[in-house]
Amino acid sequence: MSAALSKRLLWDTARYGFAPQQVAAYETELHHRVMGTVDAGEGVRAFLEHGDPEWVADISSDWKDLPWN
């Protein structure tokens, strides 16, 4: 989910011409959206154990509206 949100912000920044301050605000909002989720903990666990993460979020069912839409 984190990668998908980052990519979307990148593409929409180019598409809509967001100012740097807008990008920073949107990035912070999206960061708060994913931190504290099961997948955030899973990413840390996998990194520390040098293993593959087992993500549970599903983009097709867990995606929420973006702050700029």
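**Exercise 1. A salt bridge in H1**

Which side chains meet in a salt bridge with an N to O distance of 2.8 Å?

Solution.
- This is a predicted model, with local features needing pLDDT of at least 70, side-chain atom pairs counting only at pLDDT 80 or more, and totals for chains, interfaces and linings using all residues. Residues are numbered from 1 along each chain as its sequence is written, and side-chain values use heavy atoms, with hydrogens and water left out.
- Apply the cut-off: a salt bridge is a side-chain nitrogen of Lys or Arg within 4 Å of a carboxyl oxygen of Asp or Glu.
- The side chains of Asp-12 and Arg-8 satisfy it, at 2.8 Å from N to O.
- Place the pair. Asp-12 is found in helix H1, residues 2-16. Helices are DSSP runs (H or I, at least four residues), strands are runs of E (at least two), and both are numbered from the N terminus.
- Check the spacing. Asp-12 and Arg-8 are four residues apart in helix H1, so about one helical turn separates them. An α-helix has 3.6 residues a turn, so residues three or four places apart point the same way.
- Classify the cover. Buried means under 20% relative accessible area, exposed over 50%, and partly exposed in between, with a 1.4 Å probe and protein chains only.
- Asp-12 has a relative accessible area of 4%, so this residue is buried. Arg-8 has 30%, so Arg-8 is partly exposed.
- List the distant neighbours. Leaving out residues up to four places away in sequence, Asp-12 touches Gly-17, Phe-18, Leu-66 and Trp-68. A contact means heavy atoms within 4.5 Å.

**Exercise 2. A network around Arg-45**

Find which residues are linked in a network of salt bridges.

Solution.
- Start with the total: the whole structure holds three salt bridges.
- Arg-45 and Glu-42 meet through their side chains at 2.5 Å, N to O.
- These two are three residues apart in helix H3, so the separation is about one helical turn.
- Glu-49 and Arg-45 also form a salt bridge, at 2.5 Å, N to O.
- Join the pairs. Glu-42, Arg-45 and Glu-49 make up the network.
- Now grade the members. Glu-42 is buried, at 14% relative accessibility. Arg-45 is partly exposed, at 29%. Glu-49 is exposed, with a relative accessible area of 52%.

**Exercise 3. The faces of H3**

Which residues of H3 are buried, and which exposed residues sit on the face turned away from them?

Solution.
- Asp-39, Glu-42 and Ala-46 are the buried residues of H3.
- Look down the axis of H3. Its buried residues fall within an arc of 55°, so they line one face of the helix. The arc is that of the directions from the helix axis to the C-beta atoms.
- The face turned away from the buried side carries the exposed residues Phe-47 and Leu-48.
- Leu-48 lies in H3, which spans residues 38-48. Its relative accessible area is 60%, so Leu-48 is exposed.
- Val-44, Phe-47 and Leu-48 form a nonpolar surface patch with about 360 Å² of accessible area together.
- Patch rule: residues have over 30% relative accessible area and no salt bridge; like charges are joined within 9 Å, and nonpolar side chains (Val, Leu, Ile, Met, Phe, Trp, Tyr) within 5 Å.
- Area rule: accessible areas come from the Shrake-Rupley method with a 1.4 Å probe, and for residues only the protein chains shown count as cover.
- After H3 comes His-50, whose phi is positive, near 55°.

**Exercise 4. The aromatic cluster**

Count the aromatic pairs, then classify Tyr-26 with Trp-68.

Solution.
- Rings of Phe, Tyr and Trp (its six-membered ring) pair if their centres lie within 6.5 Å; planes under 30 degrees apart are stacked, over 60 edge-to-face, and the rest tilted.
- This rule gives four aromatic pairs.
- Tyr-26 and Trp-68 have ring centres 4.8 Å apart and planes at 50°, so the pair is tilted.
- The pair links distant parts of the chain, 42 residues apart: Tyr-26 is in helix H2 (residues 20-34), and Trp-68 is in the segment after helix H4 (59-62).
- Tyr-26 and Trp-68 are both buried.
- Ring pairs join Tyr-16, Phe-18, Tyr-26 and Trp-68 into a cluster.

**Exercise 5. The whole chain**

Describe the fold and its surface.

Solution.
- The chain has four helices and zero strands. Its pattern along the sequence is α-α-α-α.
- Along the principal axes, the C-alpha atoms fill a box of roughly 40 × 25 × 20 Å.
- Of the 69 residues, 17% are buried.
- Take contacts between residues at least 6 apart in sequence: 59% join residues at least 24 apart.
- The accessible surface is about 5300 Å², and 58% of this surface belongs to carbon and sulfur atoms.
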